[in-house]
Amino acid sequence: MTMRTRSLGTTGPQVSALGLGCMGMSALYGDADRAEGIATIHAALEAGVTLLDTGDFYGMGHNELLIGEALRTAPAARREQAQVSVKFGALRDPDGGWSGYDGRPAAVRNFAAYSLQRLGVDHIDVYRIARLDPDVPIEETVGAIAELVEKGHVRHIGLSEVGAETIRRAAATAPIADLQIEYALISRGIERSILPVTRELGISITAYGVLSRGLISGHFTADRKLAANDFRAYSPRFQGDNLQHNLNLVEALRKIAEQKGVSVAQIAIAWVLAQGEDIVPLVGARTRERLAESLGALDVVLEAADLAAIEDAVPADAAAGDRYSAAAMAHLDSER
Ligand SMILES: NC(=O)c1ccc[n+]([C@@H]2O[C@H](COP(=O)([O-])OP(=O)(O)OC[C@H]3O[C@@H](n4cnc5c(N)ncnc54)[C@H](OP(=O)(O)O)[C@@H]3O)[C@@H](O)[C@H]2O)c1
């Protein structure tokens, strides 16, 4: 299979049309198998996936060390094609808690120095703050990354979960390659005021949560037991009546998937792929089996009638429950 590519913005690099989000290999979805995570990254690189997404706070450095090991042990040709996208700025504590964000220029340089070391690379391909630091103007944070670009430590600047005004201010400071933000059949908030601005400014979207963290993958069941350290154990969409309502939407989607002879996850990923050449879905596969299923979405052709049927089965605001807890929603500049 030849991997299709998409451009990260008018200023950014060509990347594989699907990126691999590595977060779940270290944190947030309960325990993960480290060896399988590394094997999944190797399989992705082998299949032509170039874009690997991480955050320095995913397992407090664990995820970057894991990616570093995967890159070191990959064939040289594959390693050289890899493009690592890193989020920084989230502050953690030794008990795994979250204590805000730090986007001050000195902090940006400090975070980058540690990430380069943990990843074992001489540059970061795309660098972004995970959430807007409300105490630091975005111009200062983006300006600090721009200095890292000048020095060769970073190649491109990205944004994460910010709204239209912040996007404009960031883009007026330095070229922005992409905005990383949740976008899925059941998370369509960006269509109102964010997507029009990124399109106007030539900024791409790296879409996360395209399976709504597994909820619309077709594999999630109401009786699944979630560990206490699993984000989904607290996420509003995975609770009680909300969960049942959302899983009913999945069953409607399953009918369409069956008619097309593909899986529910493939339909959900293919729908995001079909929303524009400026959108690169990040799939959160953490096993080779899930990765193979996700990659199959690249071969799913959705005609206008298919897209209409999908949006009929899962209308834009059909999901029950917010995509984050109220406390986490409060940190989202994109939801203001
Ligand atoms: N910028 C941000 O604020 C932000 C926030 C969150 C994530 N991200 C990035 O985006 C990436 C993707 O996000 P996500 O993990 O929430 O995305 P996702 O793809 O919606 O969810 C991934 C989860 O879905 C389940 N799943 C079931 N079938 C799957 C399949 N065929 N392929 C992949 N996963 C399948 C897996 O859970 P089980 O393994 O439990 O079955 C997996 O852990 C993350 O790794 C991270 O790099 C960014």
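Begin by selecting residues 240-260, helix α9, together with residues 304-313, helix α12, and show the side chains of Leu249, Ala252, Leu253, Ile256 and Lys260 in α9, which meet Asp306, Ala309, Ile310 and Ala313 in α12. Sorted by class, the residues of this contact comprise 7 nonpolar, no polar and 2 charged. Bear in mind throughout the tour that the model on the screen is predicted.

With the two helices still selected, turn to their geometry: α9 and α12 pack at an angle of about 160 degrees, and their axes lie 8 Å apart. Since angles over 145 degrees count as roughly antiparallel, α9 and α12 are therefore roughly antiparallel to each other. The crossing of this pair, α9 with α12, is right-handed.

Next, select residues 105-119, helix α4, and residues 138-150, helix α5, which pack at an angle of about 45 degrees with their axes 8 Å apart. That angle makes α4 oblique to α5, and the crossing of α4 and α5 is right-handed. On the α4 side, display Pro105, Val108, Arg109 and Ala112, and on the α5 side display Glu140, Thr141, Ala144, Ile145, Glu147 and Leu148, for these residues make the contact. Here the contact of α4 with α5 divides into 6 nonpolar, 1 polar and 3 charged residues.

From helix pairs, move on to empty space. Rolling a probe the size of a water molecule over the atoms shows where such space is left.

Which residues line the largest cavity? Select Leu18, Gly19, Leu20, Val49, Val283, Leu291 and Leu295, and the lining of the largest cavity is on display. Strand β3, residues 19-21, and helix α11, residues 288-295, each supply at least two residues of this lining, so colouring those two elements is a convenient way to find the place. By class, the lining of the largest cavity consists of 6 nonpolar residues and 1 polar residue, with no charged ones. The volume of the largest cavity is about 30 Å³, and the count of cavities of 30 Å³ or more comes to 1.

The last stop is the second largest pocket, which has a volume of about 420 Å³. To centre the view, select Arg188, Gly189, Arg192, Arg323 and Glu335, the residues that lie nearest the centre of this pocket among the 25 that line it. Then add strand β10, residues 178-182, and helix α7, residues 190-193, each of which supplies at least two residues of the lining. Which element gives the most to the lining of the second largest pocket? That element is α7, with 3 residues. Finally, colour the lining of the second largest pocket by class, and the residues divide into 9 nonpolar, 6 polar and 10 charged.

Definitions and conventions. Residues numbered from 1 in each chain as written. Predicted model: local features only at pLDDT ≥ 70, side-chain atom pairs only at ≥ 80, totals over all residues. Heavy atoms only, no water. 1 Å grid on protein atoms, 1.4 Å probe; cavity = no way out; pocket = protein on both sides within 12 Å on 5 of 7 lines; lining within 4 Å. Points joined across faces, edges and corners; volume = space filled by probe spheres on them. Helix = DSSP H or I, 4+ residues; strand = E, 2+ residues; numbered from the N terminus. Nonpolar A, V, L, I, M, F, W, Y, C, P; charged D, E, K, R; others polar. Axes fitted to C-alpha atoms, helices over the stretch in contact; angles between N-to-C directions. Parallel < 35°, antiparallel > 145°, perpendicular 65-115°, else oblique. Left-handed = near helix turned anticlockwise from the far one by under 90°. Contact = heavy atoms within 4.5 Å.
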